[in-house]
Each structure stands twice: as structure tokens, then as C-alpha cells.
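The exercises below are meant to be worked with the sequence and the coordinates side by side. Each task is followed by a solution that proceeds step by step.

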Amino acid sequence: MIHMEYYLVVSTIMFFAGIFGFFYRRNLLAILISIELILNSVDINFAVFNRYLFPGQLEGFFFTLFAIGISAAETAVAIAIIINIYRNIRNIQVSKLDKMKH
Amino acid sequence: MDFGNLLYLKEEISLILVMVLLLLFDLFCTGKIRRYFQLTACVLMAVHTLIHLDPMPDGQAFGGMYINSPILSVVKTILNVGTLIIFMQARNWLSRESTSIKRGEFYVLTLSTLLGMYFMISSGNFLLFFIGLETASVPMAALVAFDKYKHNSAEAGAKYILSAVFASGLMLYGISLIYGTTGTLYFEDIPAGIDGCPLQIMAFVFFFAGMGFKISLVPFHLWTADVYEGAPTSVTSYLSVISKGSAVFVLMMILVKVFAPIVEQWQMMLYGLIVLTISIANLFAIRQQNLKRFMAFSSISQAGYLMLGVIAGSAQGMSALVYYVLVYLFSNLGVFGVISIIEQRSGKVRMEDYNGLYRTNPRLSIVMMLSLFSLAGIPPFAGFFSKFFIFMSAAGEGFYLLVLLALVNTILSLYYYLLIVKAMFINSNESPIATFRSDNYTRVSLIACLLGVLALGIFSMIYDRISLLAFGL
């Protein structure tokens, strides 16, 4: 049987890769993908904790399901906004979104 | 299942009813009746506020996932009042040609964020809390990007949704670690499992960072100025008052209920954050020329003052916090109401445009001045009393140095609030903003704000009533 720690290593790497991508990437879609990495690492965490530490209950699995659904909704709205930006300026690079910088 | 439990959700159900009615009105009523859409929205919201004026008794539904108690009801009523005032102020902006076709969407989206805040406030479990938080922040992003043909609005929308989702990702990671160490998500059961081990402290830091983004405390405040400037003014006022007030209250509730065993650690963390938030926001506010950006930094520093009530963690702190939110709501909406109507009529939002406003629009200038005095905390107005109570609550727990720093910062904030007053009353200007008549909705909303600013401090029964219901560590 695979130990819990291996799953946690994967999820932790995913989480911090997501944070790194969020700060480092210069394209709105790439930033969105990084955020998805963060949210998915959380889903792994919940499922693993539930399966290994508290096998009698289902709270973690339920949370995972809800988190997946809600992150889909968030992504939909974010993509709609990004498409709107593309229509306005024909570009989705972060460096072009500096109109309000003083 | 006992359906009687659903009665505890009375406020949520009636809000959903208002939402559905407005949606149907928007769908099916065309032609002449459509003119009454705004009136219907305001009346429905006012009725919804009035029938829930009386606080709900203690109760819970869904096996303790949903909790209602009198103080939660009071907070919901405060949010209702704020939303009603914003509905009245938004009328001018929504009647313009470019937005009039989608004005129904504004009301439905606003009410659904309000519904999310209701669930967030009433949650007794991290799952419901998370769902409420997302229900509040996803439609909020759509609202920020509402003027979709304007570059600024779209840009602000992207900045808002990306930082909001990032923040909720951080918070979720914290919650997952809390679940891993305690084995439950119920607020009631978690404290028994919290022993202050390093993993839990890290979980708390992640959770708090996520909430810090929502409240825009200082290391996490970078999105605030851009989003506040780019969003439509009515949405900015909603963000700065309703969204912020509910998030601060929920944070306090969770710190007191869930993280009570590690109170020393979180008080230490909050201590540093409050000092940073108040001073940095005040310093940046001084150099702002755009009034919406200015109000963004002012609202960050006000969030710092709100956190003084949170750090106390006592029942007194909670009542001071709720009272502060109420007063802040009226003063801030007064300022935003004036900014919004002037932006609609003349398209100007910069501080030098306000030079000589008193000569052309004396009444608006006086409303703006009194609201700014209240925000700064000058004695006869409500803002003084709310600041006094919140300083008292922090000093009562022994944070004397913190209160002193906050007091020094209050003087600093007085300087930049007075800059606007000086621009309106003293600075001369060859071509000031032309005299205009504001519409009745804006007038009623500004009078309501003015009454709130003048009367809330003098009538002590409101604070007494709140302090009877509050709870603490």
C-alpha cells in the first residue's frame, strides 16, 4: 500500500508550483491554470486525509466535490472576463493591463 | 427530516424570493412597466429589510451546518440597509443608455453576492462558509467587470477574480490542513482538536492570508486600488462597505469560535498586520489624486481600525466592530453617493475637479464634508463614537501601544480627509463643476446617510442593543 506521505508530497509540490506560477506567469490564461493547480492540490489533500486518517466518514470527500464544482464556476467567470479583455484590447498579456498604474 | 428547521433560514429564503421576483420582472415585463423596475427593486429590498428588523432567536439547521443567532441577524440587517442605499444610488448609472438594457442583472448579481454573505455569516461548518464565500465573490467579479466595453472595468474584473480565486485557494489549503489535524469541519468540534502544533499554525497562516485578501489588509492589499478605481462607482461602494464589513465580521467569528485555543498566536499576528495596514494605507492615501483610488486606501486603513475590534476578541470587541461597520457604512456611502452622482453628471473623479464645488453645489459639498468628518472621527458625528468604542475594546484587552499608534494614525488620516474638504470649500477654480439637480433616489439615499452620520452617535440605544447580543472568547 502507498503511504499517505507520498500523496501529500505530490499535493504540496502542486500547491507551491501553483503559487510560483501565479506570481511568475505573464499570461492571464497561464495564471488561471496556476490557480487551478492550487485548487486541485487542495482537493487531493482533502481526499487523502479522509481516506487515510478518518476512513469512517465522508466530510473530506464531500468538500472535494463541492470544491471541484465551485472552482469550475470560478474558472467559467474568469474565462468570460478574459475573453472580454481580449475583445477590448486584442491581448491577454499582464503587461498590457497597466492602464491604472500611477 | 424536520422541515420546521427551515424556518431558521427565513432571511435567506425571503432574499431568494426577492431575487426571483426581480428576475421574473426583468424577463416578462417589457414596455411601459419597465420604468418601474428600479422602484420595485428598492421597495422589495426595503420590505425585506423591514420584516427582518427583529433579530432571529438562536437556532440551527442542517445538523449544525447553519447557525442563526440574534447578533448574526443584526449584521444581516446592516448589510440589507447598505444594499438598499446602494440600489438607490445606482439608479443614475443604470439608467444610462449603455447599461439600461442589463440593469436587471445588476440587481440579481448584487443580491446573490448578498445571499453568499448571509450564508458565510451564518455558517457553522467550513463547507458552508466556503460555499458562501464563493457565492459572494464570483458574482462580485461579474459586477466589477459590469461596464464591459470599458477597458478599466474589464481590467479591474480580471484583477479581482484572479486575486479572489488565488485567495480562496490559499484559504482552502489552510482549511484542508485543519481538517487533516482535527478530523472535522464543524466550528463546534474543531477547538477540541486544536493544540497549537506547527502544522496547525501554518494552516492558520494560510487561512488568514486568504481572509486578508478579502478584507484587503496590508501585505495582501495590492489589488484594492486598481479594482476600486476600475469598477463602476456603485460597485466600488458595495465592495468597500458590504463585502468588507461582512468579511471582517466572519473573520472575527471564526477566530473566536474556532481558533480560540491559539489566541496568543493570532493576536500577535494581527498586531503586526494592524500597525502595517493603518500606517501604510494612510501614507499612500495622501498622494492619491483620483478620488476612487483615494477612497480605496481610506477603506484599507478603515479595515485596519475594524481589526482592532477583532484583536480584542471580547464581546465588547464584537459589539464595537458591528457598530463600527454600521457607522462606516453610512459615512462611506455618503461619500460614494456624492462621488457617484458627480461622476455621472460631469465625468470627473479627480481631486482638483472638486475645487470650488461649494459655490456651485453647496448641498452636495456639505453631505460630503460631514461624511468625511465622520470617517475621520471628529466628535459630534457617529464616526467619533465608533472609533472611541473600538479603541476602548482594544485597550480593555491591554493593547495600549497599538491603540496609541492607531490614534496617531487617526490624526494623519484627518489630514488627507481635510484635503478634499479644502478643495471643495477653499480652493478657487475658474471652471468648477456646473450646478446640477440630483434625482430623488440619490437625494433620499444621501439624506439617509446624513441621518445615519448625525444620529447614530447620539442615540445610544443602537449600541446598547448590539452590545447585549454580542459574544466573545
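**Exercise 1. The end of a helix**

Which residue just after α16(B) takes a positive phi? Identify this residue, then describe the helix that precedes it and what surrounds that helix.

Solution. Keep in mind throughout that this is a predicted model.

Step 1. The residue is B:Gly377, which follows directly after α16(B) and has a phi of about 90 degrees.

Step 2. The helix itself, α16 of chain B, runs over residues 362-376 and has 15 residues, and from its first C-alpha to its last it reaches 21 Å, close to the 21 Å expected at 1.5 Å a residue.

Step 3. Counting neighbours shows that α16(B) is mostly covered, with twelve of its 15 residues buried; among them are B:Leu364, B:Val367, B:Met368, B:Leu372 and B:Phe373, and the buried set also includes B:Ser365, B:Ser371 and B:Ser374.

Step 4. The cover over these buried residues includes α13 (291-312), α14 (315-346) and α15 (357-360), together with α17 (382-396), α18 (400-425) and α19 (440-455), of chain B.

**Exercise 2. An exposed residue**

Determine why B:Glu97 counts as exposed, and place this residue in its helix.

Solution.

Step 1. B:Glu97 belongs to helix α4 of chain B, which covers residues 97-100.

Step 2. A residue is exposed if 12 or fewer other C-beta atoms lie within 10 Å of its own, and B:Glu97 is exposed because it has 6 other C-beta atoms within 10 Å.

Step 3. For a sense of distance, B:Glu97 and B:Ala203 are separated by 106 residues in sequence and, C-alpha to C-alpha, by 49 Å in space.

**Exercise 3. The form of chain A**

Describe the fold and extent of chain A, and compare the record's transmembrane annotation with the modelled helices.

Solution.

Step 1. Chain A has three helices and zero strands, so that reading from the N terminus gives the order α-α-α.

Step 2. The radius of gyration of chain A is 17 Å, whereas a compact globule of 102 residues would have one near 13 Å; along the principal axes, its C-alpha atoms fill a box of roughly 55 × 25 × 25 Å.

Step 3. Of the 102 residues of chain A, 34% count as buried.

Step 4. The unreviewed UniProt entry annotates "transmembrane region" at residues 6-24 and 61-86 of chain A. In the model, residues 6-24 of chain A are 100% helix, with end C-alpha atoms 27 Å apart, and residues 61-86 of chain A are likewise 100% helix, with end C-alpha atoms 37 Å apart.

**Exercise 4. Where the chains meet**

How many residues does each chain give to the contact, and which elements of chain A take part?

Solution.

Step 1. Chain A gives 33 residues and chain B gives 30 residues to the contact.

Step 2. On the side of chain A that touches chain B, the elements giving two or more residues are α1 (4-24), α2 (28-52) and α3 (59-89) of chain A, and the largest share, 17 residues, comes from α3(A).

Step 3. By residue type, this side of chain A divides into 26 nonpolar, four polar and three charged residues.

Step 4. As to confidence, the predictor gives the complex an ipTM of 0.96 and a pTM of 0.94, while chain B has a mean pLDDT of 91, with 100% of its residues at 70 or more.

Conventions. Residues are numbered from 1 along each chain as its sequence is written. Chains are lettered from A and ligands numbered from 1 in the order in which they are written. This is a predicted model: local features need pLDDT of at least 70, side-chain atom pairs count only at pLDDT 80 or more; totals for chains, interfaces and linings use all residues. Helices (H or I, at least four residues) and strands (E, at least two) are DSSP runs, numbered from the N terminus. The expected span of a helix is 1.5 Å times one less than its number of residues. A residue is buried if 20 or more other C-beta atoms lie within 10 Å of its own, exposed if 12 or fewer, and partly exposed in between; C-beta atoms are placed from the backbone. Two residues are in contact if their C-beta atoms, placed from the backbone, lie within 7 Å. Ala, Val, Leu, Ile, Met, Phe, Trp, Tyr, Cys and Pro count as nonpolar, Asp, Glu, Lys and Arg as charged, and the others, Gly among them, as polar. The radius of gyration is taken over C-alpha atoms; the globule rule is 2.2 Å times the number of residues to the power 0.38. pLDDT is the predictor's confidence in each residue, from 0 to 100. UniProt positions are given in the numbering used here, feature names are shortened, and annotations may be inferred rather than shown by experiment.
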